[in-house]
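Work through the exercises below with the sequence and the structure at hand. Try each task before reading its solution.

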Amino acid sequence: MKNLKEIYSEKLMTADEALELIKDGDYMFSAQAAGEPAEILSHLGHLKCTGVKNTTLNTCLPLQYYEAFKDPEMQGVMSHNGWFFSPGLRDAHKRKLVSAVPQSSTSVLRKALSRLEYEGRRPVVLATVSPMDEHGYMSLSVSAIYERDLINYGALTILEVNPNFPRTFGDTQVHISEVDALVESNRPIPVSRLAPYTEVDAAIGKYVASLVEDGSTIQLGIGNIPNAVAAELKNKKHLGIHTEMFTETMVDLIECGAVDNSCKGLLDGYSVCSFTMGSQRLYDYIDNNPAVLFKSCTFTNDPYTIGRNNKFVSVNATLEIDLTGQCASETVGYDQWSGTGGQSETVQGAQMSKGGKSIIAMHSTYKAKDEEGNEVLRSKIVPFLHEGAVVTTSRNDTDYVVTEYGIAWLRGLNVGQRARALIAVAHPDFREELQAKAEEYGIW
């Protein structure tokens with residue numbers, strides 16, 4: 001009987017050799033963000049040499065703009081679907097080399113696999129793992145959003161093994177027997193630093209924190225506003241973490257004692273997440289840390305799962321909101337900017353939680369160029385969403401809206417009351433105009 005090291009050795013190959021396992025029509029799912037297998041993705045152009053046709057790559061927030069993403073010669077060899085756009089994908093979209101998939105995080109994989117079954121296509125999972133332990137297990141490390149679900153489904157599994165990636169627990173364990181090919185790399189793990197937040201961010205953070213009671217379970221995203229919120233939560237007690245993304249500011253909240261996960265009501269004692277990205281300090285914290293539980297987003301972001309947590313508070317951002325409460329959080333007019341991610345589900349789940357609150361936190365304005373090229377200030381609170389904008393969170397679900405000018409609580413309000421509440425937290429320079437538009441268009 002072969003030992004684990006012999007099995008590992010037999011499955012070890014170069015990135016090009018691993019990609020030669022791809023067949024016509026295969027649908028490749030790449031792990032999210034820092035979990036993306038960069039060595040494998042950087043060799044995708046090799047598919048042009050294998051003669052394979054009509055494959056698809058599915059990415060979610062890719063960090064690098066790989067050559068294959070912008071190579072027009074890949075057409076007919078590999079198409080590209082994006083679940084969550086990043087800067088590279090925005091450029092590829094302008095070149096007609098990627099298309100966004102409308103999605104909600106807990107259902108998109110099920111729907112994708114249903115489509116693949118109908119079309120008779122084989123799923124393939126590409127991910128990064130930490131090295132194999134003495135029992136034959138590797139860890140999916142920093143991304144568990146759908147990788148384990150695909151392996152359970154029976155997808156062809158090609159993994160990039162990297163000793164610089166932390167070992168994590170939860171839906172991350174993969175046994176060598178489940179793997180079809182291994183590619184080794186020693187690239188540094190992607191790191192990001194916390195950007196200093198502004199006075200406007202700090203004002204929003206204070207308002208948001210005022211809504212978070214002791215004993216709440218929190219979900220925060222990435223960016224200046226969530227960082228400002230976390231700074232204001234350090235004096236809270238008995239907070240819990242149940243979030244799609246585990247952030248460095250959450251490490252701060254744990255280490256200062258604000259988070260102890262004692263009152264969550266679901267998986268007490270654990271910080272629950274689906275993926276992470278941050279500094280080396282963050283990666284060192286989660287390495288071999290059984291108190292941080294990585295779960296598939298089909299579990300983590302499920303509104304019914306979220307609703308089982310006590311006093312769940314979700315904090316999300318939006319690019320634009322109209323006077324009835326519709327949030328466009330993933331497009332700028334016609335341009336795809338990001339993706340739905342878990343926003344719509346965490347918004348719903350928070351309001352299913354006993355004592356829960358869903359918060360949309362945003363600057364009241366943004367800067368743009370007018371027709372003469374001059375920089376002007378524009379309102380993010382508008383009478384109607386811009387033409388081409390996609391609604392991420394419907395007005396039926398929007399709960400709290402927070403800007404640097406205060407808190408608008410829309411729950412249970414009629415259209416006219418909503419408009420007045422949102423105008424009150426808009427930038428003062430735009431309030432009169434917004435009120436006039438509300439009157440003109442019958443937003444009452």
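**Exercise 1: Domains**

The domain assignment divides the protein chain into domain 1 (2–182) and domain 2 (197–439), with bounds that come from an automatic or database domain assignment. The model is predicted: local features need pLDDT of at least 70, side-chain atom pairs count only at pLDDT 80 or more, and totals for chains, interfaces and linings use all residues. Residues are numbered from 1 along each chain as its sequence is written, and side-chain values use heavy atoms, with hydrogens and water left out.

Task: state how far apart the C-alpha centres of domain 1 and domain 2 lie, and how many residues the contact takes from domain 1 and from domain 2.

Solution.
- Step 1. The C-alpha centres of the two domains are 29 Å apart.
- Step 2. To their contact, domain 1 gives 27 residues and domain 2 gives 28 residues, where contact means heavy atoms within 4.5 Å.

**Exercise 2: A pair of helices**

Task: describe how the axes of helix α8 and helix α9 cross, and list the residues that make the contact.

Solution.
- Step 1. Locate helix α8 at residues 199–210 and helix α9 at residues 224–232. Helices (H or I, at least four residues) and strands (E, at least two) are DSSP runs, numbered from the N terminus.
- Step 2. The axes of α8 and α9 come within 8 Å and cross at roughly 55°. Axes are lines fitted to C-alpha atoms, for helices over the stretch in contact, and angles run from 0 to 180 degrees between N-to-C directions.
- Step 3. α8 is therefore oblique to α9; angles under 35 degrees count as roughly parallel, over 145 as roughly antiparallel, 65 to 115 as roughly perpendicular and the rest as oblique.
- Step 4. On the α8 side, the contact is made by Asp-201, Ala-202, Ile-204, Gly-205, Lys-206, Val-208 and Ala-209. On the α9 side are Asn-224, Ile-225, Ala-228, Val-229 and Glu-232.

**Exercise 3: Two residues with positive phi**

Task: for Lys-96 and Asn-261, find the loop and decide whether each is buried or exposed.

Solution.
- Step 1. Most residues other than glycine have a negative phi. Phi of Lys-96 is near 65°, a positive value, and phi of Asn-261, also positive, is near 60°.
- Step 2. Lys-96 lies in the loop between α5 (87–94) and β4 (99–100). Asn-261 has its place in the loop between α10 (248–255) and β14 (271–273).
- Step 3. Lys-96 counts as exposed because its relative accessibility is 75%. Asn-261 is buried, as its relative accessible area is 5%. Buried means under 20% relative accessible area, exposed over 50%, partly exposed in between (1.4 Å probe, protein chains only).

**Exercise 4: Surroundings of three residues**

Task: place Leu-159, Ser-344 and Arg-281, and give their contacts beyond four places in sequence.

Solution.
- Step 1. Leu-159 is in strand β7 (residues 156–161) and, at 0% relative accessibility, is buried. Its contacts include Ile-40, Ala-127, Val-129 and Val-174. The C-alpha atoms of Leu-159 and Val-129 are 6.6 Å apart, although 30 residues separate them along the chain.
- Step 2. Ser-344 belongs to helix α14 (residues 343–352) and counts as buried at 13% relative accessibility. Ser-344 contacts Ser-104, Thr-392 and Thr-393.
- Step 3. Arg-281 sits in helix α11 (residues 280–286) and is partly exposed, at 34% relative accessibility. Arg-281 touches Glu-248, Val-251, Asp-252 and Glu-255.
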